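Please have a look at the model below. The report that follows covers a helix pair, one further helix and the contact between two chains.

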Amino acid sequence: MTSRIRSWLAGLRPRLVAAFAVIMIVGATAAAGASYVSARTAILKGFQDQTMLKLRDQIVTYLPTVSLPPTQATLDAFGTALKSSNAVVVYHGLRSGSGIDPDSVPADLRQAVASSTNIQFQRVDAQGYPQFFVGVPVQTGTEGQTSGIEVYTMVSLDQQQAAIDDLSRTAWQTSALALPFAVVLALLAARQVLRPVRALNKAASELGQGKLDVRLRVKGSDELAQLVTTFNNTAAELERTVGTLRTMEADARRFVADVSHELRTPLAAMNAVTDVLDEDAEQLPPDTAVAARLVSAETRRLTRLVQDLIEISRFDAGRAELRREDLDVAAAVTDSLAARGWAPGTDVVAELPAGITARLDRRRLDIVVANLVGNALRHGAPPVEVALRVERGDVVLAVTDHGPGIPEAVLPLVFDRFTKADTARARSEGSGLGLSIARENARLHGGDIVAVNTGTGARFELRLPREAW
Amino acid sequence: MVEDDAAVREGLELALRRQGHVVHTAESGEVGIELLVLRRPDIVVLDLMLPGMDGFETCRRMRASGPIPIVMLTARSDDFDIVAGLEAGADDYVVKPVEPRVLDARIRAVLRRAVSERPTEQPESEERHGDLVIDRAGLEVTKRGTPVSLTPTELKLLLELSRTPGQVYSRQQILTAVWDHDYLGDSRLVDACVQRLRAKIEDVPAKPEHVQTVRGFGYRFGRS
C-alpha cells in the first residue's frame, strides 16, 4: 500500500497538480496584491486629501483675523474656529485650549512643519490603530513668511482600515476559491496526458515479453500521437526483423537436418562395408592397407557425427519424444556400462544402490550415461566414479573423473555444441555433440546436467525427476 | 533383403555374405514378395522406406503369406515408424545406419527362436491352458482344436510365458529371453508382439485371459 502511494507521489500527476496550484497561487496573489495596493492608496489618499483640504480652508478663512504675535486668547479663538477639525494651534510654547495634545504629534512631523512652508502629514500606526496627522505651518502676508504658528490635527483611519481589510479578505477568498478549480484542471490535464502514456507503457512491456504484434491506435496529432506512431513503427520493424531471423534460423536448422539425412544413406552403405575393409586390410599392399583402415575409421566417425547431428536436430525441431517406463535406475545404468565394456572395477567405479526406481526413458538415460562416462574416460583420468543417489525427489547420477578438470573459461560452454576443452586435441573421438545431446535428453525429462570442477577432476551431475511410480 | 538404395543394398549384401548368409536382394516391395515365393528364404530383412509399395504394406503381405521372420531396417529418428513396423508384424528391427554385426546378431537370434525349443522337451509335452493346447515338442499351438499359426517370435514368447503360469515377467526379462537382447532392448518389441499374440489366441484381445498385463511390471501367463 505504502509503496503504491509512494509510486503515485513519484508520478506525473502530483507534479502536474503542484505546478498548476503554484501557478494559480502566484497569479492570484499577484492580482489580489496589486488590486489591494491600488485600492488602499485610493481610499487613504481620498480621505487624507479631504482632511487636509478642509483644515486648510478653515485656516485660510480664519487667518486674516489673527494678529501677530498671537496671545493665548488669539490661539484659543483660533482653536475654537478649527474645532470641527479637532485641531490644536501651537505657537512656540503656547497652545490653544482645544484640540489634540501637541505632544501626541510625532516629533518628525513637528520638525518638518517647523522647517517647511507647506502642509505636512504623517501616518502613524499606534498599536493597530492607524492615525493620520496633519501639520500646517501658518503663513502670513503675501511673501510666504512663516508666522511661527503651527496647526496640528489628527484623524483616526480605523474605518478606512476596516474597508481595506474587507477588500483584501474578499480578494483572498476569491483566490482560495480558484484553487480547487486549478487542482481539478490539473487532474484533467494529467489524465489527458497519462492515458496514452499508460497505454504506451503497457504496450511496451507486452512488446518486451515477445508479443511483437502489439500496436496502438493513434489519436489526434499531438506529441503523444507522434510517440504512439513511432512506437508502432518500431514494433512493426522489430516484428519484421525477428520474423526474418526466426525464419533464417529455422531454415538453417532444417538445412542441417536435411543434410544429415541426405548423408545418412551413403554413409549407411559405406558403414556396411567398413568391417570388410578392416578384415581384409592385412592382405592388401601396405599403403592400400593404411588407406583402407583410414577410410574405415573415418567412415565410422562420420557416421557417429551424422547420427548425433540427426539426434540434435530432432531436439531443435521439437520432435524428440519421451517414452517413460518404470526403471530400476541402478540396473539400467549397470546395463549401459556393461554394454560398452565399462564393467565396474576396471576404469569405472560404480556405486549404484539398488532399489532406486523412477519413470524414465531407458534409451535416453542410456545415451546420457554413455556420453557422460565416455567423456570422463576420454578427457579425464581413471578412476571414473559413477554414483547414484536420491535427493529431494530427484534421481541424481554423478560422474566424477580424476583428470585435470575443465578449464574455467570452458566450463560455462561445456554443454555447447562442438565445444572442445582441449584445443590442442581438436580431433577427439567424440563428435563434439555428446554433452549437448546428454543435456537435451536430461531436459526433456524435466531435469538437467551441471558440470563442476572438484579440484581433483571434473564432475557431471545428472538430475532427473523421479515422476510417480 | 529388400532395400531400395543400391549402395546400401550392395554393402549389406557383401557384409552379410561374409557372415555366412546366402543373400537374395530386391529393390522394391513387389520384387521382394516375388522373391519370397521364388527363393523361400529363412528370414526377410526389410527396409521400411521403399518407393511404390511401402515397407509396412510389404511387411503385412509377407506376414499374411506365412510365419516368415522379418527384421526391419528403420531410421531411429522416427519412433512412429518403429511402432508401425512392429504392428505390421516385424519380429525385430535394426536402426540405420546399420552395423552389419548387429544385423547379423539379430538375424541369428530370430532364426534361433524357430529351432531352439525342438528336441529338449519331455515326451508328454502337450500342455492344456483352458481352450489352448501348447505342444512344446511339436511346436504347435491349437485353440479349441484349431491350429494357430504363430511366427517363431510369437511362439517363443508364448512358450516362455507359459513355462511358469502366474509368474510375472518384466519386459526386460522377456526381451532377454525371447529376443536375445542383452541390454537396452526396446520394450515396444514386447508390447507389439504381445498384441499380435493376443489377436491370435485370445477370444477378446482387449480382455485377455492368457497373456495378462501387470501394470507397472510386465506380463504373466494366466493360470487356468
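In this predicted model, the axes of helix 2 (residues 12-62) of chain A and helix 5 (residues 158-208) of chain A come within 8 Å and cross at roughly 160°. Helix 2 of chain A is therefore roughly antiparallel to helix 5 of chain A. Angles under 35 degrees count as roughly parallel, over 145 as roughly antiparallel, 65 to 115 as roughly perpendicular and the rest as oblique. Axes are lines fitted to C-alpha atoms, for helices over the stretch in contact, and angles run from 0 to 180 degrees between N-to-C directions. The crossing of helix 2 of chain A with helix 5 of chain A is right-handed (the near helix is turned clockwise from the far one by less than a right angle).

Two contact regions can be set out by residue class. Ala, Val, Leu, Ile, Met, Phe, Trp, Tyr, Cys and Pro count as nonpolar, Asp, Glu, Lys and Arg as charged, and the others, Gly among them, as polar.

| Region | Nonpolar | Polar | Charged |
|---|---|---|---|
| Contact of helix 2 of chain A with helix 5 of chain A | 29 residues | 5 residues | 2 residues |
| Side of chain B that touches chain A | 10 residues | 4 residues | 5 residues |

Now the chain contact. In chain B, 19 residues are in contact (C-beta atoms, placed from the backbone, within 7 Å) with 24 residues of chain A. Helix 1 (6-18) and helix 5 (100-115) of chain B each give two or more residues to that side. Helix 1 of chain B gives the most, with 7 residues.

Chain B has 8 helices and 10 strands. Helices (H or I, at least four residues) and strands (E, at least two) are DSSP runs, numbered from the N terminus. Of its 224 residues, 40% count as buried. Buried means 20 or more other C-beta atoms within 10 Å of a residue's own, exposed 12 or fewer, and partly exposed in between.

Which residues of helix 2 (residues 29-39) of chain B are buried? They are B:G29, B:G32 and B:L36. These cover an arc of only 50° around the axis, so they sit on the same side of helix 2 of chain B. They pack against strand 1 (44-47) and helix 3 (55-64) of chain B. The face turned away from the buried side carries the exposed residues B:E34, B:V37 and B:L38. After helix 2 of chain B comes B:R40, with a positive phi near 50°.

Residues are numbered from 1 along each chain as its sequence is written, and chains are lettered from A and ligands numbered from 1 in the order in which they are written. Local features need pLDDT of at least 70, side-chain atom pairs count only at pLDDT 80 or more, and totals for chains, interfaces and linings use all residues.

Notes: Contact = placed C-beta atoms within 7 Å. Arc of directions from axis to C-beta.
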